[in-house]
Amino acid sequence: MMRKAFIFDLDGVIVDTAKYHFLAWKSLANSLGIHFTTEQNEQLKGVSRIQSLKKILEWGNKTISEKEFTQLMAVKNEEYLAYISKMGVNEILQDVPRVLDYLISEKQAVGLGSASKNARIILKRVSLYDRFDTIVDGTNVSKAKPDPEVFLLAAKDLGVSTKNSIVFEDSVAGIEAANTAGMISIGIGDKKILHKADYIFTDFTEIKEEFINQLIKND
Ligand code: B16
Ligand code: MG
């Protein structure tokens, strides 16, 4: 049987860390007198830390020095890390371990492709670190999604061609990155938002073994 690469995004696919990003960005924005909403937080999904802060400052019509920018990123990350440090296995999104374990039992290559610089800490907190053959995250790449770099690097590490790679993503930028990489894209979330994905599911409870078998068999 063919060995395929299954590459998972982290935030919004394996765990819901968006709520912690929101709390940390909100207190930072508010400390600068900038209003920050959940709708705005949606637009930061899959977006790197630097780009996120740039957007928030844009929304608040604020310009700051480079030094202050670096400080604010550190402040946000510290608060975010405080939330992350309390995470546990109960925060893994439903049926993710079932799909991971099925892929491993079928001897498929499993990778992580995340924009987050905190991906490794989070995977360790939720005890999923050892399930991955490779982890490519914000510390390994220079170009953010929708650039395909993160997924191309993961496939390369796994020794699988791009056309034999499958990506699970919850963000528009991530789906675009997978498509540009020439990989099969699977959207996890809203059909209207992720319409550019090859397949779309609300969550992993909808992903059955038959579907995975088809992906493994297809040329
Ligand atoms: P960090 P993903 C992304 O994770 C988040 O969706 C995004 O909101 C966040 O800004 C980005 O990671 C960077 O995270 O500040 O931890 O480096 O969806 O690509 O797994
Ligand atoms: Mg995501």
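## Glu91 and its partner Tyr20

In this predicted model, the side chains of Glu91 and Tyr20 form a polar contact at 2.7 Å. Glu91 sits in the loop that runs between helix 4 (66-84) and helix 5 (96-105). Its relative accessible area is 16%. Glu91 therefore counts as buried, since the cut-off is under 20%.

Tyr20 is one of several residues that Glu91 touches beyond four places in sequence. The others are Ile14, Val15, Asp16, Lys19 and Lys86.

## The magnesium site

Three aspartates supply the protein donors of the magnesium ion (ligand 2). Asp9 and Asp170 each give an OD atom, while Asp11 gives its O atom. These donors lie 2.0 to 2.2 Å from the ion. Along the chain, the donors have the spacing D-x1-D-x158-D.

Asp9 belongs to the loop between strand 1 and helix 1 (18-31). Asp170 belongs to the loop between strand 4 (165-169) and helix 8 (172-180). The pair therefore ties together parts that are 161 residues apart in sequence. Both Asp9 and Asp170 are buried.

## Two domains

The protein chain divides into domain 1 (5-16 + 91-217) and domain 2 (18-84). Domain 1 thus has two segments in its bounds, 5-16 and 91-217. The C-alpha centres of the two domains are 25 Å apart.

Where do the domains meet, and which residues of domain 1 supply 38% of the area it buries against domain 2? In the contact between them, 13 residues of domain 1 face twelve residues of domain 2. About 1100 Å² is buried between the domains, and carbon and sulfur atoms give 50% of that area. Asp11, Asp16 and Asn118 supply the 38%, more than any other three residues. Asp11 is also a magnesium donor, and Asp16 is among the residues that Glu91 touches.

## Helix 5 and the turn after it

Helix 5 has these buried residues: Val96, Val99, Leu100, Tyr102 and Leu103. They span an arc of only 165 degrees around the axis, so they are on the same side of the helix. An α-helix has 3.6 residues a turn, so residues three or four places apart point the same way. The cover over the buried residues of helix 5 includes strand 1 (5-8), strand 2 (109-113) and helix 9 (209-217).

Lys107 comes just after helix 5. It lies in the loop that leads from helix 5 to strand 2. Its phi is near 60 degrees, a positive value in a residue other than glycine. Lys107 has a relative accessible area of 64%, so it counts as exposed.

## Asp137 and a cis peptide bond

Asp137 is placed in the loop between strand 3 (134-136) and helix 7 (149-158). Is Asp137 buried or exposed? With a relative accessible area of 1%, Asp137 is buried. Its side chain makes a polar contact of 2.5 Å with the side chain of Thr139. Beyond four places in sequence, Asp137 is in contact with Ser114, Ser116, Lys117, Ala119 and Arg120. Gly60 is 77 residues away from Asp137 along the chain, and their C-alpha atoms are separated by 29 Å.

Pro146 is also in the loop between strand 3 and helix 7. The peptide bond joining Lys145 and Pro146 is cis, with omega about 20 degrees. Most peptide bonds are trans.

## Leu194 and its contacts

Leu194 is in the loop between strand 5 (184-188) and strand 6 (199-201). Its relative accessible area is 2%, which means that Leu194 is buried. Outside its neighbours within four places, Leu194 is in contact with Glu169, Asp170, Ser171, Val172 and Ile175. Gly187, Ile188, Gly189 and Ile200 are on that list too. One of these contacts, Asp170, is a donor of the magnesium ion (ligand 2).

Ser165 is 29 residues from Leu194 in sequence. The C-alpha atoms of Leu194 and Ser165 are 19 Å apart.

## Ser127, another positive phi

Ser127 is found in the loop between helix 6 (119-125) and strand 3. Its phi is near 55 degrees, a positive value in a residue other than glycine. Most residues other than glycine have a negative phi. Ser127 has 49% relative accessibility, so it counts as partly exposed.

Notes:
Residues are numbered from 1 along each chain as its sequence is written. Chains are lettered from A and ligands numbered from 1 in the order in which they are written. This is a predicted model: local features need pLDDT of at least 70, side-chain atom pairs count only at pLDDT 80 or more; totals for chains, interfaces and linings use all residues. Side-chain values use heavy atoms; hydrogens and water are left out. Helices (H or I, at least four residues) and strands (E, at least two) are DSSP runs, numbered from the N terminus. Buried means under 20% relative accessible area, exposed over 50%, partly exposed in between (1.4 Å probe, protein chains only). A polar contact is a pair of N or O atoms within 3.5 Å; within protein, one must be able to donate a hydrogen and the other to accept it, and residues adjacent in sequence count only if both atoms are side-chain atoms. Contact means heavy atoms within 4.5 Å. The arc is that of the directions from the helix axis to the C-beta atoms. Donors are N, O and S atoms within 2.8 Å of the metal (3.2 Å for Na, K and Ca); water is not among the atoms, so sites may look incomplete. Buried area is the accessible area (1.4 Å probe) that two parts lose on being put together, summed over both.
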